[in-house]
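Welcome! Let us take a short walk through this structure together, stopping at a few spots worth a look.

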Amino acid sequence: MRPYRLPKSSVLLTVIKADDQYERKVGACHPPRTATCHRRGSRSHRLRGGWGINRFRPIPAFSDLNLGLVGFGSIARRVAEKARAFGFQLLAFDPFVPDSAFGKYAVGRVDWETLLTKADVISLHCPLVPETMHLVDRAAIGRMKPGVLLINTARGPLIKEADLIAALQGGRIG
């Protein structure tokens, strides 16, 4: 693991090389972190001097949230198994995986546009290839739900960093 600070930002990321030996660990820690991120708002507000949870109400149950998985390989499948236990509705986009894999994990197969517009939480699990470089850019972020949580357990350049920073600063991404 190595920490990485986004340029001109206070955001600190931890980068982990996820070989097969880490597959279970990444899949196991992802849903609890999603839950923590989802609930984080009231805690951070409380730390600034008050509970102030009214701006976060109603706080949706996980069963009311759509978790969108981009890429549906082995790690995403483990995440799907764990997230189902939390009650998330599961969507996935992966043009290279057969329909039977989605059915086996009870995950709804959707196209890229549908995932962007329907998911409350988007988790990236796809490889970095020329077609996925900056997959998440200003245009994609603009089609996401306001306040969406974006989790990248894959490669950093899947997201165009400048567009991510602008979306975070503008409150577009939670």
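Is Phe86 buried or exposed, or something in between? With a relative accessible area of 35%, Phe86 is partly exposed, because that value falls between the 20% limit for buried and the 50% limit for exposed. Please keep in mind, here and below, that you are looking at a predicted model.

Phe86 makes a good starting point for a look at the aromatic rings. A search of the whole structure turns up five aromatic pairs. In one of them, Phe86 meets Phe62 edge-to-face, with 6.1 Å from centre to centre and 75° between the planes. This pair brings together distant parts of the chain, 24 residues apart: Phe86 belongs to helix 2 (residues 74-86), while Phe62 sits in the loop between helix 1 (20-47) and strand 3 (66-70). Unlike its partly exposed partner, Phe62 is buried, at a relative accessible area of 11%.

Now stay with Phe62 and turn to another ring beside it. The centres of the Phe62 and Phe88 rings are 5.0 Å apart and their planes meet at 25°, so this pair counts as stacked. Here too, distant parts of the chain are linked, 26 residues apart. Phe88 lies in the loop between helix 2 and strand 4 (89-93), and its relative accessible area of 2% makes Phe88 buried. Put the two pairs together and you have a cluster, in which ring pairs link Phe62, Phe86 and Phe88.

Next, leave the rings and follow the backbone. Most residues other than glycine have a negative phi. Against that background, two loop residues are worth finding.

One is Ala106, in the loop between helix 3 (99-104) and strand 5 (108-109). Its phi is near 55°, a positive value in a residue other than glycine. Ala106 is partly exposed, with a relative accessible area of 49%; the reason it is not called exposed is that this label needs a value over 50%.

The other is His134, which you will find in the loop between strand 6 (121-124) and helix 5 (138-143). His134 also has a positive phi, near 55°. Its relative accessible area is 32%, so His134 is partly exposed.

Conventions
Residues numbered from 1 in each chain as written. Predicted model: local features only at pLDDT ≥ 70, side-chain atom pairs only at ≥ 80, totals over all residues. Heavy atoms only, no water. Phe/Tyr/Trp six-rings, centres within 6.5 Å; stacked < 30°, edge-to-face > 60°. Helix = DSSP H or I, 4+ residues; strand = E, 2+ residues; numbered from the N terminus. Buried < 20%, exposed > 50% of the residue type's maximum accessible area, 1.4 Å probe, protein only.
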